[in-house]
Amino acid sequence: MGATPATPRCDDISGKESGEQAVTKRRPTKQNRRLSTSRQRRQQHLLDVKVRARRASARRLQKGFFVLALLLIVLSLIGAGLFGAQRLLNSLFFTNPDYAVHSVEVTTDGELAREVVMRTAQIDEGSNIFATNLAAVEDRLKALPQVEEVNVQRLLPDKLMVVIQERRPIAWIASADANKSGFNYDSAYLVDRRGIALKPKGSAPEYMTLPIIIGVDLSNVTVGQPIDKDPVKAALELIRDCPEVLPSRFQIATIDVSKEYSLVVTDKQRSVVTFGTDDLIGQLRRLAMLLSYCERASKDLQSANLMAERNIPVVFNEPAVPSAGPEPAAQPTASPQPQPTVRRALPVTRPGHKSDKPVSPAKNTHKKPKSTEMKPFNG
């Protein structure tokens with residue numbers, strides 16, 4: 001017989017039901033559930049960022065308006081202060097009739113006329129002394145060719161002082177065909193120590209003895225402008241330095257600059273000395289030694305070339321020979337063709353010499369003439 005299935009017991013059924021109920025009770029409940037999706041959360045974040053950006057922009061705009069208003073207030077205060085200061089200065093100085101120019105004193109060391117100075121400076125008597133631009137007045141006066149330095153000062157309350165230092169010419173400049181004997185002063189130019197060309201008005205007597213620089217191309221010379229030529233600059237330097245090294249011993253008459261590498265100088269005693277364009281002080285010192293030797297040896301210098309530092313080529317004039325005769329004070333016999341001399345030596349006999357006593361002609365016919373002592377003539 002087959003086995004009969006066992007009937008479930010009541011206890012087992014009740015146990016299973018209680019187990020199912022227990023399992024059902026243990027299931028966790030869903031808590032803290034988010035109410036939005038990730039897309040909604042992103043939109044919420046963007047909205048928050050936009051709100052914060054708008055607030056920051058409004059805050060910056062408010063701050064900019066505040067700074068601008070503060071700047072406008074400061075500028076308004078400054079403008080008001082400047083306007084008030086200007087009105088105060090005008091009432092005290094610039095429009096005050098006590099400071100009107102009533103006199104202008106012009107002082108110059110040359111021949112510049114006061115009318116020319118006033119016309120060039122454009123100073124109106126009666127204008128305010130503080131409104132006059134002193135720098136502009138000085139610039140206008142310096143534009144005159146003969147003006148070297150200008151100083152304009154205010155003398156309160158109503159006076160202006162103008163002090164002008166005019167250019168002092170130190171030499172003439174002429175073309176190559178000019179010479180000392182036939183020099184035309186009307187077609188030549190004066191030049192100052194800085195090389196500024198000047199045009200004289202008429203023939204001034206004080207300028208006639210100035211040295212003449214010969215051999216300059218006058219076609220490019222402009223009045224009031226410097227002469228930019230190296231030989232002319234060297235000649236002006238020689239004229240400036242010569243009185244310092246050789247005071248009254250070598251007086252320059254002409255300087256030939258036609259040869260650009262040398263300066264051919266003729267002094268007032270018609271002695272010819274050639275200089276190089278470099279180291280003029282050293283050459284002047286060598287010339288001083290040469291002139292000292294000429295004085296000690298009673299020699300007259302005819303020409304010298306100082307371009308050579310050693311073994312300087314020198315030519316001396318022949319000494320004058322006195323004529324034979326009983327008179328000791330007889331003048332030297334003139335040669336048929338005299339040569340130019342720097343310092344001509346004149347015969348001077350010693351006091352108590354035998355030549356002072358009368359001697360018979362018979363005794364002197366076979367005797368040699370007595371030697372005479374020579375001394376330099378510094379006239």
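1. Phe130 has a relative accessibility of 25% in this predicted model, and it therefore counts as partly exposed, given that buried means under 20% and exposed over 50%.

2. Two aromatic pairs are counted in the model. One of them joins Phe130 to Tyr99, with 5.1 Å from centre to centre and 65 degrees between the planes. This geometry is edge-to-face, a class that requires planes over 60 degrees apart.

3. As to the placement of this pair, Tyr99 belongs to the loop between α2 (38-94) and β1 (103-108), while Phe130 belongs to the loop between α3 (114-121) and α4 (134-142). The contact therefore ties together parts that are 31 residues apart in sequence.

4. Tyr293 and Phe316 form a pair whose ring centres are 6.1 Å apart. Their planes meet at 55 degrees, so the pair is described as tilted. Tyr293 is located in helix α6 (residues 280-297) and Phe316 in strand β12 (residues 314-317), so that the pair ties together parts 23 residues apart in sequence.

5. On solvent exposure in this pair, Tyr293 is partly exposed at a relative accessible area of 37%. Phe316 is likewise partly exposed, with a value of 26%.

6. Phe316 also has a charged neighbour: the charged end of Lys299 sits over the Phe316 ring, 5.6 Å from its centre. Phe316 thus takes part in the tilted pair with Tyr293 and lies beneath the charged end of Lys299.

7. A further arrangement of this kind involves Tyr189, whose ring has the charged end of Lys199 over it, 4.6 Å from the ring centre.

Conventions: Residues are numbered from 1 along each chain as its sequence is written. This is a predicted model: local features need pLDDT of at least 70, side-chain atom pairs count only at pLDDT 80 or more; totals for chains, interfaces and linings use all residues. Side-chain values use heavy atoms; hydrogens and water are left out. Rings of Phe, Tyr and Trp (its six-membered ring) pair if their centres lie within 6.5 Å; planes under 30 degrees apart count as stacked, over 60 as edge-to-face and the rest as tilted. Helices (H or I, at least four residues) and strands (E, at least two) are DSSP runs, numbered from the N terminus. Buried means under 20% relative accessible area, exposed over 50%, partly exposed in between (1.4 Å probe, protein chains only). A charge sits over a ring if NZ of Lys or CZ of Arg is within 6 Å of the ring centre and within 35 degrees of the ring normal.
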